[in-house]
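Me: I am new to this structure and would like a close look at a single part of it, the sheet and the loops beside it. Could you walk me through that part?

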Amino acid sequence: MPRRVCLILAMLLFASSVAQARARCVPVPHAMEDVAALNAFWGRTVRLCRLPDGSEDAYAEPERGRVMVDQSWLDAIARRYGGWAATGILAHEWGHMVQGDVDGTAAELQADCLAGLFLRGIGQPGSTVEQFAASNHVSGDQHWSMDGHGTSAQRVAAAWRGYRRYAGDRSRVALRSVCPASPR
Ligand SMILES: [Zn+2]
């Protein structure tokens, strides 16, 4: 086979294996109940896919309709702050899935607020948002910036805002008034 054909074949194989890896969604068994509750609440069919252990990360991919998370990291957070902190992190990512076109710190604080709103919406007591707020306090930025997560105090306040102000109205207007896209 001519060398050039080999090279093209190798490139095609590589491209298709990358595409397969992207399309694959390794399930996250420890979070199945949270996923069901979040999708039911928001009327979505977002998939939760597993990142390799040790990634210590969670992020939303709205364009692919999925959230990625490291299950071992989520378990560690649940052990440290309580199971609702882990649920809150997923709820924050679902916030990114539903918030639309918002960027930077405004997007992060709105996602925290939508997570608090979700905990209220499914009828959980304030102790659940306390667990989430405790983990947010630790993961808040030391100094505020336009493209950060918000300071600890801002993150905690955003989660409580969503929890305290949500009164059951899930219209876009109501959601924006409970959880505005504000960078502070
Ligand atoms: Zn976020």
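Reply: Happy to; here is the sheet, followed by two residues in the loops beside it. Please keep in mind that this is a predicted model, in which local features need pLDDT of at least 70, side-chain atom pairs count only at pLDDT 80 or more, and totals for chains, interfaces and linings use all residues. Residues are numbered from 1 along each chain as its sequence is written.

The sheet is open and has 3 strands in the order 1-3-2, with mixed pairing. Strands (E, at least two residues) and helices (H or I, at least four) are DSSP runs, numbered from the N terminus, and two strands pair if DSSP finds at least two bridges between them. Strand 1 (47–50) and strand 2 (58–61) are the edge strands, each pairing on one side only. Strand 3 (residues 66–69) joins strand 2 through 4 bridges in the antiparallel sense; Arg66 of strand 3 is the bridge partner of Glu61.

Now to the loops. Between strand 1 and strand 2, the loop holds Glu56. Glu56 is not a glycine, yet has a positive phi of about 50 degrees. Most residues other than glycine have a negative phi. Glu56 is exposed because 12 other C-beta atoms lie within 10 Å (exposed means 12 or fewer, buried 20 or more, partly exposed in between, with C-beta atoms placed from the backbone).

Arg44 sits in the loop between helix 2 (32–42) and strand 1. With 13 other C-beta atoms within 10 Å, Arg44 is partly exposed. Arg44 and Val98 are 54 residues apart in sequence, while their C-alpha atoms are 8.7 Å apart in space.
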